[in-house]
Amino acid sequence: MKKFLLFVPLMLLFALGISSCNNQNGWNQQQRKELRDALKDYRKMVYLNQMTDAEYDAFAHEVTHLIEHEYPVYTSFIQMQGAADTVDVMVVETIVQELNEDARNMRRIYPYNFLVE
């Protein structure tokens, strides 16, 4: 029984140590925010400049989530040579996905006012 009582705290410490190591390699809130802020440069794209602020925030969150899922270790993503190209690809993939999901999203590419002119 004494061995068991000594074993339980050791296992808890070991489990906490593993989870803290995983958190150090993952993305924190600040890193996610920095990536979403960097995505604001893409707002000039025809599809994205037609979005409301709330729609664009949801779009940026989706792109950030995709990148975080694809590259779970933040430092390896940032140090990667093609990180900017990866962001470009993820932005385009998300736009294509939105267009495929709902044809009404085409209005962002061809706004009514533009078609009337």
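**Exercise 1. Determine which residues surround L48, beyond its neighbours within four places in sequence.**

Solution. With those neighbours set aside, L48 is in contact with Y42, R43, Y56, F59, V91 and I95. The model examined here is a predicted one. The next step is to place L48 in a wider group. The largest nonpolar core has 20 residues, and L48 is listed with L39, Y56, F59, I67, V87 and V91 as those with the most contacts inside it. The elements that give two or more residues to this core are helix 3, helix 4 (53-70), helix 5 (74-79) and helix 6 (83-101). Of these, helix 6 gives the most, with 6 residues. As a general background, nonpolar side chains in soluble globular proteins tend to be buried together.

**Exercise 2. Check whether the length of helix 6 agrees or disagrees with the expected span, and identify its buried residues.**

Solution. Begin with the length. Helix 6 has 19 residues, and the expected span is 1.5 Å times one less than that number. This gives 27 Å, and the end C-alpha atoms are 27 Å apart, so the two values agree.

Turn next to burial, for which the cut-off is under 20% relative accessible area. In helix 6, the buried residues are A83, T86, V87, M90, V91, T94, I95, E98 and L99. Their cover includes helix 2 (29-38), helix 3, helix 4 and helix 5.

**Exercise 3. Establish whether Y47 is buried or exposed, and describe its surroundings.**

Solution. First, locate the residue: Y47 lies in helix 3, which covers residues 46-49. Second, compare its accessibility with the cut-off. Y47 counts as buried because its relative accessibility is 4%, and the limit for burial is under 20%. Third, list its partners. Apart from neighbours within four places in sequence, Y47 is in contact with I95, E98, L99, N105, R108 and I109. Fourth, examine two of these partners. The side chains of Y47 and E98 are joined by a polar contact of 2.6 Å. R108 stands 61 residues from Y47 along the chain, yet their C-alpha atoms are separated by 4.9 Å.

**Exercise 4. Summarise the chain as a whole: how many helices and strands does it have, and what percentage of its residues count as buried?**

Solution. The chain has 7 helices and 0 strands, giving the pattern α-α-α-α-α-α-α along the sequence. Of its 117 residues, 26% count as buried. Among contacts between residues at least 6 apart in sequence, 66% join residues at least 24 apart. Finally, the accessible surface comes to about 8,800 Å², and 60% of this belongs to carbon and sulfur atoms.

How values were computed. Residues are numbered from 1 along each chain as its sequence is written. This is a predicted model: local features need pLDDT of at least 70, side-chain atom pairs count only at pLDDT 80 or more; totals for chains, interfaces and linings use all residues. Side-chain values use heavy atoms; hydrogens and water are left out. Helices (H or I, at least four residues) and strands (E, at least two) are DSSP runs, numbered from the N terminus. Buried means under 20% relative accessible area, exposed over 50%, partly exposed in between (1.4 Å probe, protein chains only). Contact means heavy atoms within 4.5 Å. Accessible areas come from the Shrake-Rupley method with a 1.4 Å probe; for residues, only the protein chains shown count as cover. A polar contact is a pair of N or O atoms within 3.5 Å; within protein, one must be able to donate a hydrogen and the other to accept it, and residues adjacent in sequence count only if both atoms are side-chain atoms. A nonpolar core is a set of buried Ala, Val, Leu, Ile, Met, Phe, Trp, Tyr and Cys residues joined through side-chain atoms within 4.5 Å.
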